[in-house]
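Good morning, everyone, and thank you for making time for this. Please have the sequence and the structure open in front of you, since I would like us to go through some aromatic residues together.

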Amino acid sequence: MRYLSLRWLLFVAAFVTLTGVISLLGITVLHTAQHQLSHYAAQRDSRIAHRVAHELVGGFRRGGMSGLVRQADTSASQWGSGLVIRNGSGRVIATAHPPGIRSSVGASPAVTVPLRMGGKPIGTVALVHPPTFEPRLSPVLRAIERRLALAAAVGLTIALAVSIWVGRVAAAPFRKMALAARAVAAGRRDIQLPLVGLQEARALAEDFNHMAQALAASEQQRQRLIADMAHEFRTPLSILLGYVTALDEGVSVPGQDPVALIRDETRHLVRLTDDLQMLARADAQELELSLQWVEIRPWLRNAINALTDLAAQHRIELTLVLKEGLAHAARYDPDRLRQALGNYLHNALKYTPAGGRVTVTAQSDADTLTLSVADTGIGVDAEDLPRLFDRLYRADRARSRGTGGLGVGLAITKKLVELSGGSVGVRSTKGEGSTFWLQIPLDGPPAS
Ligand code: ADP
């Protein structure tokens, strides 16, 4: 089924409007001309009738009744109109008509004026137009009509041209956009529309360009994610394969426990897959919290204790500071928040060189619990800070086995904390260290 196109719609709308305006103007002009002409004719008739009345009275004065009749004939042929003269009691006392016209009696008079003598009315004279009189006005009207028809024809041609132009100009950006959208759908990512044309078309083109850029960026991110994932999985898998082959062939690795190494690598792989799964669930809005009132201190000690071995391995001093007035309990999901804090802690241990310090601080006010993880590590460039919590963002693009990650840990932390009704943030100075913090409401996320 074909739908009405915008181009046609605008064309028809513009054409109908312009045609309507032109017709209305034409009718108004014609009507006004007719009205003005009739008005002019009536004024002229009245002037002539008064002149004729004056002449008739003059004729009567000069020669009595026969003087009046003579004057009536002269006036009738001079002015080209029939005359019907009545006395004071309304009886017709004389008629006159221009040459070629037989009688004026009975025809409807154009105008009737009184005949006065010495200020006293003595009768009336009526001006009666011969049948040839009215058509005399017609040529003027015909000329106006012809001009109007010509003007209307020119106007309609202009209207047609303007309508076609309006339809084209308004529809062109949509056609271009449709073509561009098809190209994007077909896989092209470098499409950018020129910002030209009407205001709305420019705004739409700008939005389209942003969308195309976002698509290109997400496509790039997807490609990078696949490459990173392949890299992340490949390294531990190769190591695992090496150890398993060595075990299989009975080759021992001096000074190393192959089972412990295999366990470490496997743990690393499990964490990676957990992170990816978590991100996928967050994207699908499938993450749910199991909220409960949790005693903050023991929960925090457990979370820190689980990492003391790792901190010791890295030769990093890991301390927990509980600020005065810290609330006894808060309402959150202990496992999810531990994961969120765990990501901060793992990063702090990962990005802090041996001999450094990592300090976890817990404090609260009337409504919120704030947990921060401060390290004396490598810090983050100021330009990287705003995007650090974006998924797949890594400040250290030159990955190394020691610090390389997928760049999803902080995004997961942000997601989990936001689900808990809180917020996250970071302060950092390159080369000196960073402080990552999270803040959640003590009595849990507001009910939605
Ligand atoms: P990754 O798996 O790469 O560590 P994250 O989302 O946890 O992913 O962190 C994103 C990036 O933030 C890291 O690649 C790193 O560049 C930077 N980063 C995170 N924590 C720290 C920290 N404590 N010190 C310095 N840089 C950090």
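**Aromatic pairs and a serine**

Let me begin with Phe436, which is buried, with a relative accessible area of 9%. Before I go further, please keep in mind that this is a predicted model, and that every value I mention is computed from it.

Which ring does Phe436 pair with, and in what geometry? Its partner is Phe389: the two ring centres lie 6.2 Å apart and the planes meet at 65°, and because an angle over 60 degrees counts as edge-to-face, that is the name this pair receives. The pair links distant parts of the chain, since Phe389 sits in the loop between β9 (368-375) and α7 (409-419), whereas Phe436 belongs to strand β11 (residues 433-441), with their positions 47 residues apart. Phe389 is buried as well, with a relative accessible area of 12%.

With the ring-pair rule applied throughout, the count comes to 5 aromatic pairs. Another of them joins Phe11 and Phe15, whose ring centres are 6.0 Å apart and whose planes are at 10°, so this pair is stacked. Here the two partners lie 4 residues apart in helix α1 (residues 6-79), and are therefore separated by about one helical turn.

Are these two rings buried or exposed? Phe11 is buried, at a relative accessible area of 18%, while Phe15 is partly exposed, at 25%; the boundary that matters here is 20%, because a residue counts as buried under that value. Together with Trp8, Phe11 and Phe15 form one aromatic cluster.

Now I would like to turn to a residue that meets this part of helix α1, namely Ser163, which lies in helix α2 (residues 138-185). Ser163 is buried, with a relative accessible area of 0%. What does Ser163 touch, if we leave aside residues up to four places away in sequence? The answer is Phe11, Ala14, Phe15 and Leu18, so two of the contacts, Phe11 and Phe15, are the partners of the stacked pair. In addition, a polar atom of the Ser163 side chain lies 3.2 Å from the backbone nitrogen of Phe15.

Finally, a word on the overall layout: the protein is divided into domain 1 (6-152), domain 2 (199-268) and domain 3 (290-441). The centres of domain 1 and domain 3, taken over C-alpha atoms, are separated by 103 Å.

Definitions and conventions:
Residues numbered from 1 in each chain as written. Predicted model: local features only at pLDDT ≥ 70, side-chain atom pairs only at ≥ 80, totals over all residues. Heavy atoms only, no water. Phe/Tyr/Trp six-rings, centres within 6.5 Å; stacked < 30°, edge-to-face > 60°. Helix = DSSP H or I, 4+ residues; strand = E, 2+ residues; numbered from the N terminus. Buried < 20%, exposed > 50% of the residue type's maximum accessible area, 1.4 Å probe, protein only. Domains from an automatic or database assignment. Polar contact = N/O pair within 3.5 Å; in protein donor to acceptor, adjacent residues only side chain to side chain. Contact = heavy atoms within 4.5 Å.
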